[in-house]
Amino acid sequence: MIAKEPVPGRVKTRLVPPLTPEEAAGLARAALEDTLRTVARVPAAGRVLALDGAPGPWLPPGFTVLPQRGGGLDERLAAAFEDTHRLRPAPTVLIGMDTPQVTASLVADALGLLGGHDAVFGPATDGGFWLLGLRDPDPALLVGVPMSTPSTGEILLRGLKEAGMSVATLPSLTDVDTMADAVEVAALVPGSRYAAALAGLGVPR
């Protein structure tokens, strides 16, 4: 999993306004906690958090924390795969902190699909991707892919296939980028920390 420490002014900045930086960081922390606890329930050989920042009380036990490295997001994603694979040379699935509605079964499915495919791709509704699984991570698959654009996922998927990889596709999920996204996702997980945090800000679920 790749994530940022939920510090005001550094996370969920596209939600400011209408939220304050502190409110946006609180919502990001709730999403991060939910996602980490989901990942903790997935049967896996190991769990790694590639973190920009310092771990806090939101981090459950059982995770190895590695610092993010690289410049742009493409480099940091590539490095997260490379560093994790060096630590545990096994098929690797990577997700972020923007889809708190993700389930343990979806992540487990991705791991299972890597038994018969070179890659697993989880598209996001904004044109990006919420999950990428690689049987044998290669930084060249990610470095240079333009991130946070409506065509990011399309470009990445095309690159995987052009590299001769067999790719399994998962259902599309919505990243939380806007307030409309935030409300939509909260409605999918009404009992979550994330939904409670949003409701606590006076935003109807």
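Guide: An axis here is a line fitted to C-alpha atoms, for a helix over the stretch in contact, and the angle between two axes runs from 0 to 180 degrees between N-to-C directions. The model under discussion is predicted. Helix α5, residues 179-188, packs with α6 at an angle of about 125 degrees, their axes being 9 Å apart.

Visitor: Why are α5 and α6 called oblique to each other?

Guide: The angle is about 125 degrees. The roughly perpendicular class covers 65 to 115 degrees, and roughly antiparallel requires over 145. An angle of about 125 degrees belongs to neither class, so the pair is oblique. The crossing of these helices is left-handed.

Visitor: Which residues of α5 and α6 meet, and what makes up their contact by class?

Guide: From α5 come M179, A182, V183, V185 and A186, and they meet Y194, A195 and L198 of α6. By class, the contact has eight nonpolar residues, with no polar and no charged ones.

Visitor: Why is α1 described as roughly antiparallel to α6?

Guide: Helix α1, residues 21-40, and helix α6, residues 193-200, pack at an angle of about 165 degrees with axes 8 Å apart. Angles over 145 degrees count as roughly antiparallel, and the value therefore places α1 in that class with respect to α6. The crossing of α1 past α6 is right-handed.

Visitor: Which residues make the contact of α1 with α6, and how is that contact composed by class?

Guide: On the α1 side are G26, L27, A30, A31, E33, D34 and R37, and on the α6 side R193, Y194, A197 and L198. The contact comprises six nonpolar, one polar and four charged residues.

Visitor: What makes T38 count as buried?

Guide: T38 lies in helix α1. Its relative accessible area is 5%, and T38 is therefore buried, the cut-off being under 20%. Apart from neighbours within four places in sequence, T38 is in contact with V102, T103 and A104.

Visitor: How many aromatic pairs are there, and why is the pair of F121 and F129 called tilted?

Guide: The count comes to one aromatic pair. The ring centres of F121 and F129 are 6.2 Å apart and their planes stand at 35 degrees. Pairing requires centres within 6.5 Å; planes under 30 degrees apart would be stacked and planes over 60 edge-to-face. At 35 degrees the planes fall in neither of those classes, so the pair is tilted.

Visitor: Are F121 and F129 buried or exposed?

Guide: F121 has a relative accessible area of 4% and F129 one of 16%. Buried means under 20%, so F121 is buried, and so is F129.

Visitor: Why is S166 classed as partly exposed?

Guide: Its relative accessible area is 31%. Buried requires under 20% and exposed over 50%, with partly exposed in between; S166 is therefore partly exposed. S166 is found in the loop between α4, residues 152-162, and β7, residues 167-169. Leaving aside neighbours within four places in sequence, S166 is in contact with G116, H117, D118 and A119. Its C-alpha atom is separated by 22 Å from that of A44, the two residues being 122 apart along the chain.

Visitor: What makes P89 count as exposed?

Guide: P89 has 66% relative accessibility. The threshold for exposed is over 50%, so P89 is exposed. Its place is in the loop between α2, residues 73-87, and β4, residues 92-95. P89 and P139 are 50 residues apart in sequence, and their C-alpha atoms are 14 Å apart in space.

Visitor: What is notable about the phi of K12 and of S148?

Guide: Most residues other than glycine have a negative phi. K12, which is not a glycine, has a positive phi of about 50 degrees. For S148, also a residue other than glycine, phi is positive and near 60 degrees.

Visitor: Where do K12 and S148 lie, and are they buried or exposed?

Guide: K12 is in the loop between β1 and α1; its relative accessible area of 16% makes K12 buried. S148 is in the loop between β6, residues 129-134, and α4; S148 has 64% relative accessibility and counts as exposed.

Visitor: Which peptide bond is cis at P17, and which at P18?

Guide: Most peptide bonds are trans. The bond that joins V16 and P17 is cis, with omega about -20 degrees. The bond from P17 to P18 is cis as well, with omega near 15 degrees. P17 is placed in the loop between β1, residues 2-4, and α1, and P18 is likewise in the loop between β1 and α1.

Methods
Residues are numbered from 1 along each chain as its sequence is written. This is a predicted model: local features need pLDDT of at least 70, side-chain atom pairs count only at pLDDT 80 or more; totals for chains, interfaces and linings use all residues. Side-chain values use heavy atoms; hydrogens and water are left out. Rings of Phe, Tyr and Trp (its six-membered ring) pair if their centres lie within 6.5 Å; planes under 30 degrees apart count as stacked, over 60 as edge-to-face and the rest as tilted. Buried means under 20% relative accessible area, exposed over 50%, partly exposed in between (1.4 Å probe, protein chains only). Helices (H or I, at least four residues) and strands (E, at least two) are DSSP runs, numbered from the N terminus. Angles under 35 degrees count as roughly parallel, over 145 as roughly antiparallel, 65 to 115 as roughly perpendicular and the rest as oblique. A crossing is left-handed if the near helix is turned anticlockwise from the far one by less than a right angle, and right-handed if clockwise. Contact means heavy atoms within 4.5 Å. Ala, Val, Leu, Ile, Met, Phe, Trp, Tyr, Cys and Pro count as nonpolar, Asp, Glu, Lys and Arg as charged, and the others, Gly among them, as polar.
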